[in-house]
Amino acid sequence: MQGWAWHSSFWAYLTTPSRPAYEVALRLDPDNKASRSYLEKARKKLAGQQMAEETKATKEIIEKNVATSIPPNGNAVESGRVPLVLPAATSATTGGTSPTKTREQIRIDEKEANRFKSKGNAAMAARDYDGAIAAYTAALELCPDGASSHVFYSNRAAALCYLERYEEAEVDSETSIRLRPDYGKGWARLGLSRFFLHDY
């Protein structure tokens with residue numbers, strides 16, 4: 001029951017900005033320097049954003065009191081985050097890990113998927129981000145919900161971030177977290193994508 005409570009509570013974080021995602025990432029992987037650095041940047045950006053909003057609100061109050069001819073016509077701005085719907089972690093071409101696959105076929109697919117992951121990692125090291133995305137995608141087509149699929153989604157999210165495709169990276173990060181909620185890199189990449197989407 002305790003695991004279920006943790007599983008259900010993490011969904012609340014999926015509708016939160018980058019800062020809380022980094023906080024979760026650091027709880028899971030306290031030595032992650034990149035997460036710590038971006039958390040500090042997110043905190044500073046959020047502080048600046050809040051200050052700008054307070055300044056704007058103050059100006060609006062002054063203008064409203066000074067300009068008596070301006071009627072109060074609902075110029076309050078509401079802001080909020082629409083909860084995201086996570087995609088199913090299955091492939092359109094394979095239909096996911098089918099119950100009709102034999103254990104041997106699943107083992108072969110997972111082994112081949114890990115080869116594609118290695119190719120993706122090599123492409124990342126060579127700064128070939130399109131090649132990395134293609135390799136991680138091939139791994140996911142073979143094994144969309146296997147034992148290492150959360151890593152494939154997270155790695156593809158990293159490559160997408162390098163190409164400044166942050167919305168796609170956000171979706172892959174969320175899928176990684178859905179598959180394995182205690183995977184720190186998934187949380188870190190969710191924080192990174194939301195940071196660059198200016199969602200502090």
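## A tour of the eight-helix chain

Start with the whole protein chain: its accessible surface comes to about 12200 Å², of which 55% belongs to carbon and sulfur atoms (Shrake-Rupley method, 1.4 Å probe). This is a predicted model, where local features need pLDDT of at least 70, side-chain atom pairs count only at pLDDT 80 or more, and totals for chains, interfaces and linings use all residues. Residues are numbered from 1 along each chain as its sequence is written, and side-chain values use heavy atoms, leaving out hydrogens and water.

Color by secondary structure. You get eight helices and zero strands (DSSP runs: H or I of at least four residues for helices, E of at least two for strands, numbered from the N terminus). Of the 200 residues, 36% count as buried (under 20% relative accessible area, 1.4 Å probe, protein chains only).

Next, select residues 166-179. This is helix α7, with 14 residues. From first C-alpha to last it reaches 20 Å, close to the 20 Å expected at 1.5 Å a residue (1.5 Å times one less than the number of residues). Buried residues in α7 include Y166, A169, D172 and T175.

Now add residues 184-196, helix α8. The two helices pack at about 155 degrees, with axes 8 Å apart (axes are lines fitted to C-alpha atoms over the stretch in contact; angles run from 0 to 180 degrees between N-to-C directions). So α7 is roughly antiparallel to α8 (over 145 degrees).

Finally, show side chains at the contact (heavy atoms within 4.5 Å). From α7, pick Y166, A169, E170, S173, E174, S176 and I177. From α8, pick G186, W187, R189, L190, S193, R194 and F196.

Technical notes. Buried means under 20% relative accessible area, exposed over 50%, partly exposed in between (1.4 Å probe, protein chains only). Angles under 35 degrees count as roughly parallel, over 145 as roughly antiparallel, 65 to 115 as roughly perpendicular and the rest as oblique.
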